[in-house]
Each structure stands twice: as structure tokens, then as C-alpha cells.
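Subject: Structure handover

Hello,

Here is the structure for your files. Please open it alongside this message while you read.

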Amino acid sequence: MKVFAIAAPPSGPPIPDVLKPYDPRVADDTREIVVVVGNGMVGLRCCEKLVELDTMRQYKVVTFCEEKRSAYHRMNMTQYFETRDKAALSLASEDWYQENDIDLLVGDAVVSIDRARKVVISRSGKELRYDKVVLATGSVPFYPPVPGIQFDTAYAGCSGENQGPAGVFGYRSLEDLDNIIEYSQKNKKVAVMGGGLLGLEAAKAAHDLGCEVHVIEMADWLMCRQINQEASDILVSKIEDLGIKVHLGAVTQEVMSEDGVMTGLRFKDGSELDVGMLIVSTGISPRDELARTAGLELGPRGGVAVDSQCRTSDADIFSVGEACVHKHSKYGSFVYGLVAPGYEMAEVVAQNLAGSDAGEPRTFGEADLSTKLKLLGCDVASFGEPFPQEEDSISLEMNDPFSRLYKKLHFSPDGKKLIGGILVGDASDYQLLAGLCKAGDDLPKDPKEYIYPSAGDSGTDDVLSLPASFQVCSCNDVSKGAITDFMAAASDADCTVGNIKACTGAGTGCGGCMPMVGDLFAAEMKAQGRTMKKDLCEHFAYSRQELFDLVRLGDITTFEEMIRVWGKGDGCEICKPAMASIFASINSEFILEDEHLHTLDTNDRFLANIQRGGTYSVVPRVPGGEITPAKLKVIAEVAEEYGLYTKITGGQRIDLFGAHKQDLPDIWRALVEAGFESGHAYGKALRTVKSCVGSEWCRFGQQQSVSFAIQVEERYKGIRAPHKIKSAVSGCIRECAEAQSKDFAYIATEEGYNFYIGGNGGAKPRHADLFLTGATAEECIAMTDRFLMFYIRTAKPLERTAWWMDRIEGGVDYLREVLIEDSLGICAELEADMQSLVDKYKCEWAEVVNNPEAQKRFRQFTNTEEKEYGIDFVDVRGMRRPADWFAGSGESLKVDDVEMKWSGLEWQKVGVVADFPPNSGATVKWGDVQIAVFNFAMKGEWYATHNMCPHKKAFVLDQGLLGSAGEDGEVPKVVCPLHKKQFDLRNGECISGDDMELPTFEVKVENGEVFLMLPEVGALDRFLSTKNNIVTADGLHSCSGGCASC
């Protein structure tokens, strides 16, 4: 196990001359005060658990944070090199502390504990009385006593202050990373001292910065506390494949320097290494100076000594995490340098302070030191006892130098129990093996089966044979039994992986257990005799990927043919857009062809984004974000002419809001004539390729990012996909285009471009994975062709590339096999399919502008050229926007009430059959009332309803998708395009669970003419007129009584 050295005891920090009493409680607040000293990951967990467990609200919590920012994810710190986004690492917002009544004191540190007076004193001079103190001060880097490595770690923050030559850095805080990034701009030869976990992460970071990297390790192998020499040999070979040089058994004697600047390293054997930068990662030392000056007991080699309840020698002071050592550990006085044991300690302290449910205090036993990491692209894992005593175990070993895989497992002498093990190269069995080891039960199979699985063994038998107590999710302590019990009690409809996560908590932490959750779900479904459905919807018993293949291989071109041959019913809001996307991805036809029109979601049907009130937004394409002054002028003129609200988007385009549906063709005409094309902001297609200015303007640029972004956007514009796609090109590693938050992206280096895939922003951000390095523009294009076409073929409907990659077994490594190594032999086919789509591209706006028949579909009413807004507008900063929805939205007129007041009903002609597109809706105006008429040709039926969806008083139902529901598709329905509320077209009832209802009208067709059963013009106005139901600028509707809201 790792031995942590401690620097010479400091004399103690200076105490401020002027002290200011500080009491965080308000008057009459009698709660005891808990001071959490340190706001790192473990300090925050202590605060979180006190909030969760202190249900009686006994304590007021105050936490001191020495750094300039509150707790951040130090385990993911290396990602900062990719994102440069400190906020992305944050673990809790300032609002969270405020909402939970925790005083967070950022940039202030406790410098003294007066145990006699029960007072802590901070660097800023705050004097705070306490009832309990939790020391979560963490650790500082251990710097070996090598000339040239000189850091003052006494009260100088996480990494200490460098007092030696320039170019030597610790690797502990975000400030360290900022300094490393800045220094690497002028020094591209880097040595990393330390071949442990953090040292190898630092090596990867330096490698990603484009540096020549050397790893210096004084031991004979890497990660000597976790793996053995044979495993290290595999790891070294994989690391050196990346161009990183590993120096083993290298004892550094001196950091050479000249004029105060580092110039290289000299080793004990007399050899030298020419490097201009050194990152030191050789272990940690517990920060115990506060405890030392307070007179608390320390461990033999430093660290705050604690018992099994994490109490120090003072019963009112506790210590958790890397600051403390456990006096009764089997390892001796031991510092746990992993976050999981720190979390467990924090929970022990919080539970005991709040009061244990069991009556007995909770204790901290021996921590599980199992770990699984991907280091420089190589899986490395160890669990249990990786180095057991030979007399207590028998080991089996597999060492494959050709595949570069290593596995060593330790069993009890009788072969019935798994004691520990090491995995390198492939750690896919880690969760199963670590769980078996931790459970301590007899193994269900012979030991050799865990080294060399039987042919065809999928792993599901292993999962089923595990005991019910087996821990599947360690983050939330979810057992196998908890999952199988839920599945046994759940109905077929509710028995899903998503519901398992929601109801048991499995997979909602780090997510590492999800492969096992998936295996367990599949195996248990089979064992219970249930069928795992992957149906697209009730109308197609196939997945999207299967439907894609059926269309491609069967040469099917229309939805009607597809549902007749492979489906049932009339389709719905799920399968219709999915099939439209598939047809577009295979055939690249104009999406507004008559046979496809009714399958399109509203945005695709009208080539613009529907917004509040039923107006639309228009986004012209601006490739790479580059636009001329002349084009900017045209946008301004169009916006002024049509009264549009304008806003710059996050993708470097200009969005024009508030367009009438019937004005869209004229708006597009003005834009197309100026050289603009559709920006496809409405479609599940490529949106933008964002760029920085690159080497064309920027002094740091490595490549011409704008030109390449334009090339990429021009190639993939209009390509339909399962979900929207975004891209970016950054001209250097400063990443100003935020490329790693995109579905596919490129970051320029001196050698070419690094190609990233699978990122996205939004509600659940994911950083893209590095897929290819140092590629030319041509290589990037070829790889993008393959990536996008493989995604289009295999993703689920509305599945972003990030979610798709997380779902694919093998993830990015599998995609490298398929798309780089061509393991499936389809790369040429993927490139050819993409080229076919590129060659068939047409601007959809221009197609409408040049087609008078297509323009008819954009009329607001079929029986008049009048137009009216469905919502009032308010002025805002020199423009206008829709009025706010009012509180009464969602109430609806009851049909029976209206019919009682109607009289003189007669058949009224409202148009001819040609006015109403098949399987779609169109609106007629009757007096001041909008009536949506639906020609449901697939059923051979016609229906009519009020055009207003009562949910938000929006006059948009004519633009919704038609479909059917029910076991036999007997319920015809329309789906509101705004919030997907569904209504039965026969009676107007809402069938999506809301207490709403639509007025409906009888329809008949005679001799090609369409009639509705209506009263005379004006008779419906009091109840259903647009002006009486519209949302107005004062937040109310305008009726004085008698309308749908009244």
C-alpha cells in the first residue's frame, strides 16, 4: 500500500491581530454549530449528508473553503485540459448552500482551533464558536527532497508555492493546470515525475497539450501499489504506443536550471534528460498542521489520528478524508488516498451526529481500495487484495503479449472464494469480479472460468447466479435483490431499465454499473419469461435500426407502404417522424413531397420552428459563422419589414422570431435571393459548425478553422439524422469554439486536427471523446462520413450521438474498430452512402420559393386570405415578443355547454377536397372562429375541431400530426405541435391525461365539396372567437364573459 511522507512540522500559520466575532445564527436560533474545515469533495459530502440526515435540524453548518472556488470534482480535474471550463467541474452551486442554510466562506481558511474556548479563528479574522468541528483539510502533494524541487506547502494552498526554478509544477489544483497550460505554450518537452494514478493522468494531459512527454518512475514498474510488474509491462507498451516515453528505475538526482529556469533532469546513474518542464506527482501528505498546533494526536508519520467513528483525541473534533489516519487499520496508520473512503467517513460522521437509526454508532471499517480506471486509453483495475500472502491464496494468471491483455486472480486455497485481482487491457469483468470478491460468498463457477470464460459465455449466467445480496451499484448501495424484487413487482409496461434507475437508484451515480444492470435486466426478463421489447411504437414491432434496414433493402419509399407491409394501424407522432427521417437519410428526397408531407413533424412540414402563439422562427445558414455586411443588411431589412424579433444564437447565426406561417415563403424569397440557404434549425439535421477565427486572424491559431468549418458545414448541410447534430472547429487547444461539447468536432494542432465525437451540451452535458489525432482535413472528412452514416443507421429515434455512444457496447473503442480498422467491412459503403446524400442536396427553402403549389400549404386559412395572430405581442427593448401565457391556460370549454347555446345548425360549405391535404389538417375561418378540418385519408374519415389547443390557448391544432391509438388503432387522434397534448378527433376528449376537451363539428364530403354542420356566421363568436380567447399583453384574455376560459 502507498506510504505517504510528511514534511517537517510547520510552526503554525499567523493569527490575525484583529479578531471579529462571527455568529452565523439569527436571534433565538439555538442550534449547535458544526464547522466543516475544508470544502473539497469530502468536505462537501459531509455537508450534504448532514443536510440529508439531520432531519431534526439540530445543527447550523459553516464550511470554510480555502480555495477561490467552492468544491469541484478533483477526480475529473484532467478534463479541464479539454474543456477549460471550471464551472463544469463544480459540484454544488452557491444557491445550493443558501437553500440548505449552510454558510460557505470561500477564500478563507481556519488557521487556529482554541479547544479550551471551543473557538476557530480564520485567516480573515473571523472568530467562531463551535460545538463540533470536522477537519476535511485534505492533503498537499509530497515533493521528494530533490535539488530544484522546492515548494512551500505550509499554509500556501493545495500545491504550495514554487520557490525553485521556473518550469516545475505540482498537479493538485485548477491553478496548477492553468499554469501548466500557459507554460506549455513555450516549452513542449515535459517530464512527469511519478508513475502512479495521478502521474499517468498528468502525462495524458501533457500529451493532449501536444507536448513530448516522459514519465519518470523510480520503481521498477508503474502503479506499483496497484498492479504487478507483468501488468505494468502491458501498460507500458500501450503508453509508449502513444509516443510517451516511460523511464523505469529512474532516480532523479537534480533538476537542472539556468538563470532560474529549468533546463533538464539529471539522474542518479549520471544520465540527463533535456526537458524544459516538470510536473511532480509523487504522492500526498495529509494536511494536519491545524490539528498539530491544536495539540491533537497525530499518526506516526503524520495525519490526524482518528478512531473507528472518525473522532480525534478531542471528542468534539472529527477528521475525514486524506487529512486523517486510522489508528486501527490493518495497514497500520494509513491515509486513504481515494475519494470513496473519504465519502464513507463523511457519512459516518454525519450519521453519528444526526443520530444512528440503529441506536449503535456507525463505524468506519476497512475501506474498499478497489479501483478501475482508463489510463492513457488502457483499462487498468485492481480489487480486493491485489498482493495477498502466498500461503493464504492460490493465483491464476493470463498474460497475452499479443493482444496485450493481463489478468491475475487470487483465490482461497480451496478455490471457493475470490480474494483479489489485477486486470490490464480489458477490465470489462471488473464489476462482476470485484462484487464477487466483496460479497465473500462461494463462487458459482470453477476458478478457471473467470480467467478463460467458456466459449459463448455472455455473462448473463454469472449475473443470475449471484446472491441477492450482491452489490450491483456501489454509489447508492443497490443490491441485485433490490433490482430483481422491483422487476418481479413491476408490470410489463413498467419493467424497464429507466424505471429500475428511477426506483432503485442503480446507475444514477457514476454510471459504471450500467453494463451489469443491463445484463441483469436482460437475464431476469428471460428468467421471468418476459419478452424484451424494442418496438419503435405500437404500430411497428421493430427498432429504428431494423426499420432502416427494411427500408434500404426493400426499396420502400412511402410511409403508407411501410405500415402496410411491416406495421399496423395508422401511425403516430413517434413512428411518422422517425420514418420520415429514415426516408430522407436513405433517399434524400425533398421532404415536402406529397407522399411524405403528413409524416413530418410540424417544424419540418413548415421548414421553420414553431414558437409560442403559433408563429415561427427563421434561421438562415451562416456557414462557419462567417457573414458579409451585405447579408447582414438583408437580414435587418427582412426583420424590419415583417416585424421580427432578432437574436444571435449560440451557434453563430441570427434567429428571426415571430413570422406568420403564410409569410414564410416571402421571407425565404428575400433571403434566398441574397444568397442565403435554409439553416435547418427546424430539422433533425446538421445545425451549425461553429468556429473561432483560427490562424486566419488569431496569433495562437494552428490551422484555418473558419475555412475548414465552412467546408464541413457545406458538405453535411441538410443531412437528416435521428436527432439534431452540431459541430465545431477550434483553431488551437484554447478551444474558443467549444468543440468538445459538439456531436463531432475538430481541434487544430501543429500536425493537423484532433477529431472528437459524441459530445453535447444541454441538460446532461457530455464531453466528446478523442477519436483520431493529427489527421489531415481530408482524413477528417472521410472519418466524419463514416461516423455520421453509422450513427444514422444504428441510433434510436431522437437519440443524440452522446447517448448513442454511451449505449453502444464497447463505446469509442468499438467505434474505432468499426470506423478506423473497418472490422465490419462497411467503411467504403458508409462513405459512398454519405456522398450520395451530399450529391442530392437541395435548399428546401428555395424549393418552396420556386414552387407555387408548395406555397399554398402555408396559407393560414383555406377559405380567405385574411391573417391573424393567435397571441398578443408586447414591446421589449425596441422589438416585440409574444405576451406571457396567463394562469388560466389549461382550462377548457365543455362541449355540452356550447352545444346548448348553438341553434340553427346547417351544413355549410367550407371548401373543396383539394384544399385539405391528405392525412393532415387545414383551417377554415367561420366568422371570427378558427376551425381545423382533418382529412384522415388513411382511415377514409373526416373530422373537425376548434383550432385552439386549450392547454395554452394556442391556435395550432391544424398543424399537428394525425395518428391512431388503442389496441386496434380505433381512436383517431391529433397531437398538438406545442406540447404534444393528444385529442380524440371523434369527441374532442384529451387522451394524454389532462382534463381538457375540444369542441368538435360534423363533416361531410359531397361531389368533391367539404361541408361542416355549423350555425350561421357569427353565432359561435361569443364562445370560440379568436379575439375572445387570445392571450393579451396584460396577461389576460380579452373576453368579458362567455368564452372558453370563462
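Below are some notes on helices, loops and one annotated span.

The model is predicted: local features need pLDDT of at least 70, side-chain atom pairs count only at pLDDT 80 or more, and totals for chains, interfaces and linings use all residues. Residues are numbered from 1 along each chain as its sequence is written, and side-chain values use heavy atoms, with hydrogens and water left out.

Helix pair

Helices (H or I, at least four residues) and strands (E, at least two) are DSSP runs, numbered from the N terminus. Helix α15 (residues 544–554) crosses helix α23 (residues 777–794) at roughly 100°, and their axes come within 7 Å. Axes here are lines fitted to C-alpha atoms, for helices over the stretch in contact, and angles run from 0 to 180 degrees between N-to-C directions. The crossing makes α15 roughly perpendicular to α23; angles under 35 degrees count as roughly parallel, over 145 as roughly antiparallel, 65 to 115 as roughly perpendicular and the rest as oblique. From α15, Arg544, Gln545, Phe548 and Arg552 meet Ile792, Arg793 and Thr794 of α23. The residues of this contact divide into two nonpolar, two polar and three charged. Ala, Val, Leu, Ile, Met, Phe, Trp, Tyr, Cys and Pro count as nonpolar, Asp, Glu, Lys and Arg as charged, and the others, Gly among them, as polar.

Helix α21

In helix α21 (residues 664–673), the buried residues are Leu664, Pro665, Ile667, Trp668 and Leu671. Buried means under 20% relative accessible area, exposed over 50%, and partly exposed in between (1.4 Å probe, protein chains only). These residues cover an arc of only 155° around the axis, so they are on the same side of α21. The arc is that of the directions from the helix axis to the C-beta atoms. The elements that cover them include β32 (616–618), α20 (629–642), β34 (654–659), α27 (844–849) and α28 (852–855). Gly675, just after α21, takes a positive phi of about 100°.

Helix α22 and the loop before it

Glu713 is in helix α22 (residues 705–716). Glu713 is buried, at a relative accessible area of 1%. Setting aside neighbours within four places in sequence, Glu713 is in contact (heavy atoms within 4.5 Å) with Arg621, Val622, Pro623, Gly624, Leu686, Arg687, Thr688 and Val689.

Ser695 sits in the loop between β35 (686–691) and α22, and Gln702 is in the loop between β35 and α22 as well. Ser695 is partly exposed at 32%; Gln702 is partly exposed at 33%. With neighbours within four places in sequence left aside, the contacts of Ser695 are Gly701, Gln702, Gln703 and Gln704. On the same basis, Gln702 contacts Ser695, Gly731, Cys732, Ala748, Thr749 and Glu750.

Positive phi outside glycine

Asp101, in the loop between α3 (94–99) and β4 (102–106), has a positive phi of about 55° although it is not a glycine. Lys980, in the loop between β49 (971–975) and β50 (982–984), is not a glycine either and has a positive phi of about 60°. Asp101 is partly exposed at 36% relative accessibility, and Lys980 is partly exposed at 37%.

Annotated span

An unreviewed UniProt entry lists residues 908–1012 as "domain: Rieske". UniProt positions are given in the numbering used here, feature names are shortened, and annotations may be inferred rather than shown by experiment. In the model, residues 908–1012 are 0% helix and 50% strand, and the end C-alpha atoms of the span lie 5 Å apart.

Regards
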